[in-house]
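Here is a short set of exercises, each with a worked solution. Keep the sequence and the model open beside you as you go.

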2 protein chains.
Amino acid sequence: MSSPMPPQPVSRADKRAHLVDTALSLFAAGGYHAVGIDRVLAEAGVAKKTLYAHFPSKNALIAEVLRERDRRFRASLAAFVDRQSVPIDRLAAVFVWHRQWFAEPGFAGCMFLNVAAEFHGEVAELQQLAREHKQAVESYLAGLLEPLVGVDAAPALAADFNLLLDGAIGVALVSGDAGAAERAWNMARRLLPATA
Amino acid sequence: MSSPMPPQPVSRADKRAHLVDTALSLFAAGGYHAVGIDRVLAEAGVAKKTLYAHFPSKNALIAEVLRERDRRFRASLAAFVDRQSVPIDRLAAVFVWHRQWFAEPGFAGCMFLNVAAEFHGEVAELQQLAREHKQAVESYLAGLLEPLVGVDAAPALAADFNLLLDGAIGVALVSGDAGAAERAWNMARRLLPATA
DNA sequence: CTGATAGTAGACAGATCTGTCTACTTTACA
DNA sequence: TGTAAAGTAGACAGATCTGTCTACTATCAG
């Protein structure tokens, strides 16, 4: 309290978390290959030795970034959905959330689709993390669909919805049109029974 | 005729075309950043000076690769579609063609989505080429849809179909499931009037 | 106060990247 | 046949990449 700490550039304790946070922003905006370790370190104000004390390699840092991204993505989406209580509104909120994401200034696509695109199958761990993330989103969608279509129909429909969201991401990335989310939602609604 | 030419490793005349062809394969399989110029040259059996006599930079080579990929993509798709004559079958053929593409051994996603993912907006020319390719595909879809839904409804529906195809590409890339194409087609059919 | 821990700055090694350049060789054509 | 164009091999420059290492410094528990 009495200490001055004017800049306080980095919180004292968790260098590691700050490193992952910085890397997440830079990799998201600039790509995994194009952004080098030195740039992450400079931006984070962290020494190289500290990085390699926490992670054995750049790919391990990327893997941790993806795990963190998965946590934040799901937490943010769930928080937004939970502002609605009616099942159909909760489902619609998923697409609204995506539209807002697409409209963010630095939007550069889905980090998991991008990692699959950059590393192809060459780095199995990263490919696996991408798969797990998409699977988690699909499971979440299935949970939102259950009140609307029943527990039997929900999984297959969740896969359809997942494909629509990936399509919206691709369209938004290439064309820059955030309206892709609404386009996807209009298609998604047609897949639901008329009672919903 | 009398000349031996046992290896004939490279066709005499068009070094440039051979270079683009080799680069297309390598970039498609390995990504744009991960594959270096030296690897392309070694694989193509072409000297570095020849490359830089034809292209001012690596990015210019990538741009030409994308133009070539666009030509081949559209020619291959159109040839496959033209084996059908009934409008609804022609439309279905687009999704069958995609399913076969996804099932190819070295499938690594769409080169245009991938270039947008790797270079983000940093290289405007490449971003533009990706946009143009997707626009061309969408226009082609609109032409296939016209006999089914009329000239007025076709453009908007073509955008929907384009989103479905991009979604299928994303799902196939991450999960490795070529069935994503059929999933997309099943959704696409629901968007058509019942008479089709 | 002391010693362990974790951080910093940055030199360094070794590889790899793009792009340039020299010197030589082959091809095509008039 | 002789000349111009185009290709080859590969050295080279300069930058950048990942990952290691040395030496120094700040923090904190006991």
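**Exercise 1. Find which residues come closest to DNA strand C, and which elements supply the surface there.**

Solution. This is a predicted model, so we read the surroundings of the strand from its coordinates.

Step 1. Start with the neighbours: DNA strand C is surrounded by 17 residues, and the closest are A:Ala47, A:Thr50, B:Gly36, B:Ile37 and B:Lys58.

Step 2. Move from residues to elements. Two or more residues each are given to this surface by H3 of chain A, and by helix H2 (37–44) and H3 of chain B.

Step 3. Ask who gives the most: H3(A) does, with four residues.

Step 4. Sort by class. The surface near DNA strand C holds five nonpolar, four polar and eight charged residues.

**Exercise 2. Repeat the analysis for DNA strand D: which residues come nearest, and which element gives the most?**

Solution.

Step 1. There are 17 residues around DNA strand D, of which A:Gly36, A:Ile37, A:Ser57, A:Lys58 and B:Thr50 come nearest.

Step 2. The elements giving two or more residues to this surface are helix H2 (37–44) and helix H3 (48–54) of chain A, together with helix H3 (48–54) of chain B.

Step 3. H3(B) gives the most to the surface near DNA strand D, namely four residues.

Step 4. By class, the surface near DNA strand D divides into five nonpolar, four polar and eight charged residues.

**Exercise 3. Describe the fold of chain A in terms of helices and strands, and give the span of its C-alpha trace.**

Solution.

Step 1. Count the elements: chain A has eight helices and zero strands.

Step 2. Write them in sequence order, and the pattern is α-α-α-α-α-α-α-α.

Step 3. For the span, take the principal axes: the C-alpha trace of chain A extends over about 60 × 45 × 30 Å.

**Exercise 4. Work out how three pairs of helices pack.**

Solution. Two packed helices are described by the angle between their axes and the distance between the axes. We take each pair in turn.

*Pair one, H1 and H4 of chain B.*

Step 1. The axes of helix H1 (residues 15–30) and helix H4 (residues 58–81) of chain B come within 9 Å and cross at roughly 90°. Angles of 65 to 115 degrees count as roughly perpendicular, so H1(B) is roughly perpendicular to H4(B).

Step 2. On the H1(B) side, B:Val20, B:Ala23, B:Leu24 and B:Phe27 make the contact, and they meet B:Leu61, B:Ile62, B:Glu64, B:Val65, B:Glu68 and B:Arg69 of H4(B). This contact of H1(B) with H4(B) has seven nonpolar, no polar and three charged residues.

*Pair two, H4 and H5 of chain A.*

Step 1. Helix H4 (residues 58–81) and helix H5 (residues 87–102) of chain A pack at an angle of about 130°, their axes being 9 Å apart. H4(A) and H5(A) are therefore oblique to each other.

Step 2. The crossing of H4(A) past H5(A) is right-handed.

Step 3. A:Leu77, A:Phe80 and A:Val81 of H4(A) meet A:Arg90, A:Ala93, A:Val94 and A:Trp97 of H5(A). Their contact divides into six nonpolar, no polar and one charged residue.

*Pair three, H6 and H7 of chain A.*

Step 1. H6(A) and H7(A) pack at about 140°, with axes 3 Å apart. H6(A) and H7(A) are therefore oblique to each other.

Step 2. H6(A) passes H7(A) in a left-handed crossing.

Step 3. From H6(A), A:Phe112, A:Leu113, A:Val115, A:Ala116 and A:Phe119 take part; among their partners in H7(A) are A:Leu126, A:Ala130, A:Asp166 and A:Ile169. The contact of H6(A) with H7(A) has eight nonpolar, two polar and two charged residues.

**Exercise 5. Characterise the contact between chains A and B, and find what relation links the two copies.**

Solution.

Step 1. Count both sides: 37 residues come from chain A and 37 residues from chain B.

Step 2. On the side of chain A that touches chain B, two or more residues each come from helix H1 (15–30), helix H6 (111–119), helix H7 (124–175) and helix H8 (180–190) of chain A. H7(A) has the largest share, 17 residues.

Step 3. By class, that side of chain A has 20 nonpolar, 10 polar and seven charged residues.

Step 4. Superpose the copies. A turn of 180° and a shift of 0.0 Å along the axis lay chain A on chain B with an RMSD of 0.0 Å. That is the relation of a two-fold axis.

Step 5. Check the contact against this relation: the same surface serves both copies, as 100% of the contact residues of chain A recur in chain B.

Step 6. Finally, locate the axis: of the residues of chain A, A:Gly167 comes closest to the rotation axis, at 1.7 Å (C-alpha).

Key. Residues are numbered from 1 along each chain as its sequence is written. Chains are lettered from A and ligands numbered from 1 in the order in which they are written. This is a predicted model: local features need pLDDT of at least 70, side-chain atom pairs count only at pLDDT 80 or more; totals for chains, interfaces and linings use all residues. A residue is near a molecule or strand if its C-beta atom, placed from the backbone, lies within 6 Å of it. Ala, Val, Leu, Ile, Met, Phe, Trp, Tyr, Cys and Pro count as nonpolar, Asp, Glu, Lys and Arg as charged, and the others, Gly among them, as polar. Axes are lines fitted to C-alpha atoms, for helices over the stretch in contact, and angles run from 0 to 180 degrees between N-to-C directions. Angles under 35 degrees count as roughly parallel, over 145 as roughly antiparallel, 65 to 115 as roughly perpendicular and the rest as oblique. Two residues are in contact if their C-beta atoms, placed from the backbone, lie within 7 Å. Copies are superposed by least squares on the C-alpha atoms of residues with pLDDT of at least 70 in both. A crossing is left-handed if the near helix is turned anticlockwise from the far one by less than a right angle, and right-handed if clockwise.
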